[in-house]
Amino acid sequence: MFDEKAAASGAVPEPPGIFGGLAPLPESVKKQWREVYAKAFSQAKLDSPNEPTVHAQRARKTANRLLEVEKPTSYAEAMAMPDWQVFKRERRNGQLVLVTIEARGADAGESKFFFDVPAEPVDAANDAKTSKSADADKDADKTKSAGAGKP
């Protein structure tokens with residue numbers, strides 16, 4: 001609930017609740033949100049000293065940017081997303097169905113993603129290493145086959 005007196009005094013509110021995520025909002029994110037809010041509130045007071053009604057609004061808007069979810073572009077990115085940003089992550093008919101916590105309102109369609117599930121499970125942390133070693137193997141095979149026809 002919004003408390004005008006607390007907001008005007010610069011008291012840092014609790015971060016907004018994230019409901020429906022696979023995990024609750026981590027304490028580290030809450031702490032960072034509070035720090036950004038406090039800093040943004042102070043800056044808003046400097047920027048608009050005669051408009052106290054906008055200080056809390058600007059601070060909350062700035063702090064809430066920490067809670068924005070980046071759109072995944074691959075299966076590996078979708079699997080690597082923190083659970084608190086994900087409402088649903090399930091495999092269905094050979095595809096990964098991912099719904100982020102931003103799946104609300106008019107832009108809900110932009111928060112639902114579908115990715116083909118690879119034949120072998122992908123470990124997001126090792127995905128880059130795997131692709132590099134696969135490229136190295138391909139280069140080695142090309143070198144071997146190129147030298148095989150020569151006497």
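## A buried loop serine, a hairpin turn and an aromatic cluster

Leaving aside residues up to four places away in sequence, Ser 48 touches Val 54, His 55 and Arg 58. In this predicted model, Ser 48 is located in the loop that runs between α2 (27-47) and α3 (55-64), and Ser 48 counts as buried because its relative accessibility is 8%, which falls under the 20% cut-off.

A second loop offers a contrasting case, since Asn 93, found between β1 (86-92) and β2 (95-100), counts as exposed at 77% relative accessibility. The two strands run antiparallel and are joined by six bridges, with Glu 90 standing opposite Val 97 in β2. Together β1 and β2 form a hairpin with two residues between them, and Asn 93 in the turn has a positive phi of about 55°, although Asn 93 is not a glycine. Most residues other than glycine have a negative phi.

The structure also holds three aromatic pairs, including the two listed here.

| Aromatic pair | Centre to centre | Angle between planes | Arrangement |
|---|---|---|---|
| Trp 33 and Tyr 37 | 5.5 Å | 20° | stacked |
| Tyr 37 and Phe 41 | 6.2 Å | 20° | stacked |

Trp 33 and Tyr 37 are separated by about one helical turn, because they are four residues apart in helix α2; likewise, Tyr 37 and Phe 41 both lie in helix α2, four residues apart. Trp 33 is buried, with a relative accessible area of 0%, while Tyr 37 is buried with a value of 1%, and Phe 41 is buried as well. Ring pairs thus link Trp 33, Tyr 37 and Phe 41 into a cluster.

Technical notes
Residues are numbered from 1 along each chain as its sequence is written. This is a predicted model: local features need pLDDT of at least 70, side-chain atom pairs count only at pLDDT 80 or more; totals for chains, interfaces and linings use all residues. Side-chain values use heavy atoms; hydrogens and water are left out. Buried means under 20% relative accessible area, exposed over 50%, partly exposed in between (1.4 Å probe, protein chains only). Contact means heavy atoms within 4.5 Å. Two strands pair if DSSP finds at least two bridges between them. Rings of Phe, Tyr and Trp (its six-membered ring) pair if their centres lie within 6.5 Å; planes under 30 degrees apart count as stacked, over 60 as edge-to-face and the rest as tilted.
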